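User: Please take a close look at the salt bridge in this model. Set it in the context of the whole chain.

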Amino acid sequence: MRTFSKGLVVLLFGAMLGLAGCDQQGPMEKAGEKADEAVDEVTGQGPMEEAGENVDDAWEDTKDAGNEMGEAMDGDNK
């Protein structure tokens with residue numbers, strides 16, 4: 001029982017230390033965030049916004065292709 005209690009205390013203490021370290025940013029992370037902000041200011045869009053627009057464009061292309069295929073199949077039946 002005592003070994004279990006000691007192990008649990010060590011585990012909890014380690015978890016608390018790990019969680020406390022998550023909020024701290026290193027110099028490379030700060031530099032990366034500054035670079036991201038600079039790109040966002042220049043382009044007016046972030047990478048996620050661009051990715052979302054690309055997905056929207058791909059969806060529209062897929063719908064258009066499906067409509068064209070449906071029209072072509074309807075033409076074959078006449």
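Analyst: The salt bridge comes first, then the helices, the surface and the confidence.

This is a predicted model, in which local features need pLDDT of at least 70 and side-chain atom pairs count only at pLDDT 80 or more, while totals for chains, interfaces and linings use all residues. Residues are numbered from 1 along each chain as its sequence is written, and side-chain values use heavy atoms, with hydrogens and water left out.

The structure holds 1 salt bridge, a term for a side-chain nitrogen of Lys or Arg within 4 Å of a carboxyl oxygen of Asp or Glu. Its partners are Glu60 and Lys63, with 3.5 Å from N to O. Side chains of opposite charge can pair when their charged atoms come close. Both Glu60 and Lys63 belong to helix H3 (residues 47–77), where they are 3 residues apart, about one turn of the helix. Helices here are DSSP runs of H or I with at least four residues, strands are runs of E with at least two, and both are numbered from the N terminus.

Glu60 has a relative accessible area of 38% and is therefore partly exposed; Lys63, at 36%, also counts as partly exposed. Buried means under 20% relative accessible area, exposed over 50%, and partly exposed in between (1.4 Å probe, protein chains only). Of the 78 residues of the protein, 1% count as buried.

The protein has 3 helices and 0 strands, in the order α-α-α along the sequence. Helix H2 (residues 27–43) has 17 residues, which at 1.5 Å a residue should span 24 Å; its end C-alpha atoms are 24 Å apart, so the two agree. The expected span is 1.5 Å times one less than the number of residues. After H2 comes Gly44, with a positive phi near 80°.

Helix H1 (residues 2–21) contains Phe4, which is exposed at a relative accessible area of 59%. Phe4, Leu8, Leu11 and Leu12 make a nonpolar surface patch of about 440 Å². Such patches take residues with over 30% relative accessible area and no salt bridge, joining like charges within 9 Å and nonpolar side chains (Val, Leu, Ile, Met, Phe, Trp, Tyr) within 5 Å.

On pLDDT, the predictor's confidence in each residue from 0 to 100, H3 has the highest mean, 88, and H1 the lowest, 74.

How values were computed
Areas by Shrake-Rupley, 256 points an atom, 1.4 Å probe, with all protein chains shown as cover.
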